[in-house]
Amino acid sequence: HAVADKKALAPVDLLVSIRRFQFVGFKYIVLNGRPQRSMPPLRGTVSEQQVAQIYQYLRARSKGLLTATD
């Protein structure tokens with residue numbers, strides 16, 4: 001649901017953090033991961049189009065335009 005899991009190694013609420021990222025930065029993080037925060041790279045498992053769709057979804061959720069069930 002893109003919200004922080006308080007039990008995770010690096011609890012990050014994507015609905016809050018997505019507001020700081022332009023698409024280029026978001027894509028870089030998704031494709032290359034953040035090993036220091038236990039996020040594996042997704043390069044080779046998602047296409048650039050899928051990354052763009054995820055970004056658009058998260059941006060819409062962060063603005064309250066969609067809910068977790070949309």
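This tour walks through a predicted model of one protein chain, moving from the whole chain to a pair of helices and then to a few single residues.

Begin with the whole chain selected and coloured by secondary structure: the protein chain holds three helices and zero strands, and read along the sequence these elements follow the pattern α-α-α. If you then colour by burial, buried residues make up 24% of the 70 residues in the chain. As for how the chain meets itself, among contacts between residues at least 6 apart in sequence, 41% join residues at least 24 apart.

Next, select residues 23-32, which form helix 2, together with residues 48-62, which form helix 3; these two helices pack at an angle of about 120°, and their axes lie 10 Å apart. That angle makes helix 2 oblique to helix 3, and the crossing in which helix 2 passes helix 3 is right-handed.

Now show the side chains where the two helices touch. On the side of helix 2 the contact is made by Phe 23, Phe 26, Lys 27, Val 30 and Leu 31, while helix 3 contributes Glu 48, Val 51, Ala 52, Ile 54, Tyr 55 and Leu 58. Sorted by character, the residues of this contact comprise nine nonpolar, no polar and two charged.

Keep helix 2 in view and ask which of its residues are buried. Select Phe 26, Ile 29, Val 30 and Leu 31, for these are the buried residues of helix 2, and what covers them includes helix 3. Then step just past the end of helix 2 to Gly 33, where the backbone takes a positive phi of about 75°.

From there, move to Ser 62, which has its place in helix 3. Is Ser 62 buried or exposed? Its relative accessible area is 12%, so Ser 62 counts as buried, the cut-off being under 20%. Show the backbone of Arg 59 as well, and you will find its oxygen 2.8 Å from a polar atom of the Ser 62 side chain.

For the last stop, select Arg 19, which is found in the loop between helix 1 (14-17) and helix 2. Leaving aside residues up to four places away in sequence, Arg 19 touches Arg 59 and Ser 62, the two residues of the previous stop. Add Lys 63 to the selection and draw a distance from C-alpha to C-alpha: Arg 19 and Lys 63 are 44 residues apart in sequence, and in space they are 9.0 Å apart.

Technical notes: Residues are numbered from 1 along each chain as its sequence is written. This is a predicted model: local features need pLDDT of at least 70, side-chain atom pairs count only at pLDDT 80 or more; totals for chains, interfaces and linings use all residues. Side-chain values use heavy atoms; hydrogens and water are left out. Axes are lines fitted to C-alpha atoms, for helices over the stretch in contact, and angles run from 0 to 180 degrees between N-to-C directions. Helices (H or I, at least four residues) and strands (E, at least two) are DSSP runs, numbered from the N terminus. Angles under 35 degrees count as roughly parallel, over 145 as roughly antiparallel, 65 to 115 as roughly perpendicular and the rest as oblique. A crossing is left-handed if the near helix is turned anticlockwise from the far one by less than a right angle, and right-handed if clockwise. Contact means heavy atoms within 4.5 Å. Ala, Val, Leu, Ile, Met, Phe, Trp, Tyr, Cys and Pro count as nonpolar, Asp, Glu, Lys and Arg as charged, and the others, Gly among them, as polar. Buried means under 20% relative accessible area, exposed over 50%, partly exposed in between (1.4 Å probe, protein chains only). A polar contact is a pair of N or O atoms within 3.5 Å; within protein, one must be able to donate a hydrogen and the other to accept it, and residues adjacent in sequence count only if both atoms are side-chain atoms.
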